[in-house]
Amino acid sequence: EGRRRRRGVAPFPPAAVGTDRGDVDRMDRGVMLGFPVEMERDGVHATAGEENDTRRNPFLSRTGGAPAWSTPRHLPHARPCPTCGGIMKFLLQIYAPWDEKQETFHRNIYLFTCVRATCLKQTKDPKKTKNIAAVAYRNQLPRNNPYHAQDACQQAKHRYRGIVDETCEWCNAWIGNKTCGGCKTKKYCSKQHQIEHWRHGHKHRCKDGKQRHDPNTSTDAFPHWNEWELVVEPEDEQVDEGTGRGDGPRSTSHPSNDDEEQEDDSPAPKKPNGNESTHLKRLVAAYEGKKLDGRGTDEAITAEDVNSIEISREHRHLADVQARMALAPDQCVRYCRGREEEILWMGLHGKIRADDVPRCARCGGKRRFEFQVMPQMLSYLGVDDDQEDATDWGTLVVYTCENSCDASKVPGDPASSMEHAAYVEEFVWIQPPV
């Protein structure tokens, strides 16, 4: 109930919606958590879940469904997975405005991934970032812009102003820049999605243009992820009074190239119930590891066994992560802009150094950590674990330009224009599941 009372158009991190957002010091708010809650169908959320509706509210953080593009023109082109070639699927969008600059009054990050676990596990070498099966786009607008009213965040039902680009008839995500040659009405982001739509019903209505197209006749829906609104709460508020918690940072973004040889000197995560709880979790994790090494599940474990268990760095790290997440087990997004030390890595392997994160392709500035998507998200999305090669990850870590540059004003760049600046690609690192 507490989370429902907080609902509304709240950005990451939360601020007062309207004209007085400048009093919020975003950099000092610590870790903000995103929790999925059911989408409402009235008020501000009236059109949030309607299929093929371009007038969706872009000032809500959400996961699943189709994106609500904040700039409805010059949408991104369909992005194929570099491994399998399949068109990446919309995962979530984070509404994260900055008050530091006028041009970032509205600011959204959109995240897309491949749906195949095999492709998502290809991210291994931080020096080879071209094979990453995920992509993020940043979009930002000043308060006075051609597409939204100044009080758009407070309007009961959002509507764009002016012309909007058509999105793909099949996925309703990417720009629809290809037209069906038969009916001349349906737009698609790619040949791949045109074929899928044809197979799922359009062939029975198109008839090579000889039969009038009925736009009200539905076809099988694109398999979107389950749609949820993301509400925002500070991590510190998830802790009951009187619990023992450390104050140090919890992780490091500077792993060695040889994780086996590297000494893990990073501080432990904050503990929900003091050292005893964390120690117990470590023992349980170590025992689980011992079972995996060959000990039968029916074999009893004695006090001597517990005392003799040598807790590996991997087990210790896993237990610390579990202790940190136990503060709010249903957290799906962790947001803390510019603080790499707050990244909650799921394991000691598959991390990336801050120095290895590619610089912004538009302004050349450094990219910094902004948010990560937790594995708990998979259960909310509706991933079928029994399906072959079902979507899976350890965590998705999104890095964005530390300047949140306005690409339309990059000096000396002939490509700087509203068309090229609408959506700037950012960097995503995928840590495979443990």
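The following exchange concerns a predicted model and takes up one loop residue, its aromatic pairs and the charges over its rings.

User: Is Thr167 buried or exposed?
Analyst: Thr167 is found in the loop between strand S5 (134-141) and strand S6 (178-179), where its contacts include Trp69, Leu75, Trp174 and Lys187. Buried means under 20% relative accessible area, and because Thr167 has a relative accessible area of 13%, the residue counts as buried.

User: Which residue has a side chain joined to that of Thr167 by a polar contact?
Analyst: Asn172 is among the residues that Thr167 touches. The two side chains are joined by a polar contact of 2.6 Å, and the partner is therefore Asn172.

User: What kind of aromatic pair do Phe112 and Tyr137 form?
Analyst: The structure holds 14 aromatic pairs. In the pair of Phe112 and Tyr137, the ring centres are 6.3 Å apart and the planes stand at 80 degrees. Because planes over 60 degrees apart count as edge-to-face, the pair is edge-to-face.

User: How many residues apart in sequence are Tyr399 and Phe427?
Analyst: Tyr399 and Phe427 form a tilted aromatic pair, 6.1 Å centre to centre with 45 degrees between the planes. Tyr399 counts as buried at 0% relative accessibility, as does Phe427 at 6%. The pair links strand S11 (residues 395-401) with strand S12 (residues 424-431), and the two residues are 28 residues apart.

User: Which residue lies over the face of Trp98?
Analyst: Over the face of Trp225 lies Lys89, at 3.7 Å from the ring centre. For Trp98, the residue over the face, at 3.8 Å from the ring centre, is Arg337.

Methods:
Residues numbered from 1 in each chain as written. Predicted model: local features only at pLDDT ≥ 70, side-chain atom pairs only at ≥ 80, totals over all residues. Heavy atoms only, no water. Helix = DSSP H or I, 4+ residues; strand = E, 2+ residues; numbered from the N terminus. Buried < 20%, exposed > 50% of the residue type's maximum accessible area, 1.4 Å probe, protein only. Polar contact = N/O pair within 3.5 Å; in protein donor to acceptor, adjacent residues only side chain to side chain. Contact = heavy atoms within 4.5 Å. Phe/Tyr/Trp six-rings, centres within 6.5 Å; stacked < 30°, edge-to-face > 60°. Lys NZ or Arg CZ within 6 Å of the ring centre and 35° of its normal. Lists of a residue's contacts leave out its neighbours within four places in sequence.
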